[in-house]
Amino acid sequence: MKYCNNCGKEIPDDQKLCEECKKAKNEKINNEINKNINLLAILAYLGLLFIVPLVVCDKNNKFVRFHVNQGIVLFIFSLVFNLLSVVVFFILPIIGYIIGAVESIFTLAFVIVGVVNVCKEETKPLPIIGKINIIK
Ligand SMILES: [Zn+2]
């Protein structure tokens with residue numbers, strides 16, 4: 001008879017850990033994987049870093065794909081409004097400045113909402129821009 005490496009309980013000869021310790025170990029591994037997946041989903045909202053989960057993550061991972069899509073939409077939103085603010089700035093500096101400031105506030109708010117959704121492990125669309133689908 002062999003004993004569990006972890007808790008010392010008796011186990012069948014062909015195993016190293018008892019069923020309970022194995023289960024606990026698998027749970028721990030799953031938690032680690034989930035943490036990494038959440039981290040990747042958060043990267044989706046940080047500007048161009050959406051490329052990392054887009055490349056690294058399994059296309060079948062709906063959770064990450066959802067957040068990568070939102071990150072891309074947000075990136076385009078912020079890019080378009082930044083360009084707009086620069087163009088307008090040359091014509092009407094004050095208006096251009098206001099557009100830029102509004103864009104910064106909205107982008108920051110969207111990033112916060114997105115990251116909070118990831119942490120809550122939710123796939124909730126962002127307000128206003130979240131319904132746009134770029135990737136599947
Ligand atoms: Zn054990």
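The following legends describe close-up views of a predicted model of the protein.

**Figure 1. Overall architecture of the predicted model.** The protein contains 4 helices and 2 strands, arranged along the sequence as β-β-α-α-α-α. Its radius of gyration is 23 Å, whereas the globule rule gives 14 Å for 136 residues, so the protein is more spread out than a compact globule. Along the principal axes, the C-alpha atoms occupy a box of roughly 85 × 25 × 20 Å. Of the 136 residues, 19% are buried. When contacts between residues at least 6 apart in sequence are considered, 42% of them link residues at least 24 apart.

**Figure 2. Helix α3 and its buried residues.** Helix α3 comprises residues 62-91, a total of 30 residues. The distance from its first C-alpha to its last is 44 Å, close to the 44 Å expected at 1.5 Å a residue. Buried positions in α3 are Val64, Arg65, Phe66, His67, Val68, Asn69, Gln70, Gly71, Val73, Leu74 and Phe75. Three helices pack against the buried residues of α3, namely α1 (19-43), α2 (51-56) and α4 (93-119).

**Figure 3. The packing of α3 with α4.** The axes of α3 and α4 lie 7 Å apart and form an angle of about 170°. An angle over 145 degrees counts as roughly antiparallel, and α3 is therefore roughly antiparallel to α4. On the α3 side, the contact is made by His67, Gln70, Leu74, Ser78, Phe81, Asn82, Leu84, Ser85, Val86, Val88 and Phe89. On the α4 side, the participants are Pro93, Ile95, Gly96, Tyr97, Ile99, Gly100, Glu103, Thr107, Phe110, Gly114 and Val118. Classified by residue type, the contact of α3 with α4 holds 12 nonpolar, 9 polar and 1 charged residues.

**Figure 4. Gly96 in the contact of α4 with α3.** Gly96 belongs to helix α4 and is among the α4 residues that form the contact with α3. Gly96 has 17 other C-beta atoms within 10 Å and is therefore partly exposed. With residues up to four places away in sequence left out, Gly96 touches Ser85, Val86, Val88 and Phe89; these four residues are also listed on the α3 side of the contact. Phe81 of α3 takes part in the contact as well. The C-alpha atoms of Gly96 and Phe81 are separated by 9.8 Å, and the two residues are 15 residues apart along the chain.

**Figure 5. Helix α1 and its buried residues.** The 25 residues of α1 should span 36 Å at 1.5 Å a residue, and the separation of its end C-alpha atoms, 36 Å, agrees with this. Leu40, Ala41 and Leu43 are the buried residues of α1. The elements covering these buried residues include α2, α3 and α4.

**Figure 6. Phe50 in the loop between α1 and α2.** Phe50 is located in the loop that connects α1 and α2. There are 24 other C-beta atoms within 10 Å of Phe50, which is therefore buried. Apart from neighbours within four places in sequence, the contacts of Phe50 are Leu43, Ala44, Val68, Gly71, Ile72 and Phe75. Among these, Leu43 is a buried residue of α1, while Val68, Gly71 and Phe75 are buried in α3. Phe50 and Ile132 are 82 residues apart along the chain, and their C-alpha atoms are separated by 16 Å.

**Figure 7. Helix α4 and its buried residues.** At 1.5 Å a residue, the 27 residues of α4 should span 39 Å, in agreement with the 39 Å between its end C-alpha atoms. The buried residues of α4 are Phe110, Gly114, Asn117 and Val118, and they pack against α1 and α3. Phe110, Gly114 and Val118 also belong to the contact with α3.

**Figure 8. Positive phi values in the segment after α4.** Most residues other than glycine have a negative phi. Glu121, placed just after α4, has a positive phi of about 55°. Ile128, which is not a glycine, also has a positive phi, of about 65°, and is situated in the segment after α4. Glu121 is exposed, because 11 other C-beta atoms lie within 10 Å and a residue with 12 or fewer counts as exposed. Ile128 is likewise exposed, with 11 other C-beta atoms within 10 Å.

Definitions and conventions: Residues are numbered from 1 along each chain as its sequence is written. This is a predicted model: local features need pLDDT of at least 70, side-chain atom pairs count only at pLDDT 80 or more; totals for chains, interfaces and linings use all residues. The radius of gyration is taken over C-alpha atoms; the globule rule is 2.2 Å times the number of residues to the power 0.38. A residue is buried if 20 or more other C-beta atoms lie within 10 Å of its own, exposed if 12 or fewer, and partly exposed in between; C-beta atoms are placed from the backbone. Two residues are in contact if their C-beta atoms, placed from the backbone, lie within 7 Å. The expected span of a helix is 1.5 Å times one less than its number of residues. Axes are lines fitted to C-alpha atoms, for helices over the stretch in contact, and angles run from 0 to 180 degrees between N-to-C directions. Angles under 35 degrees count as roughly parallel, over 145 as roughly antiparallel, 65 to 115 as roughly perpendicular and the rest as oblique. Ala, Val, Leu, Ile, Met, Phe, Trp, Tyr, Cys and Pro count as nonpolar, Asp, Glu, Lys and Arg as charged, and the others, Gly among them, as polar.
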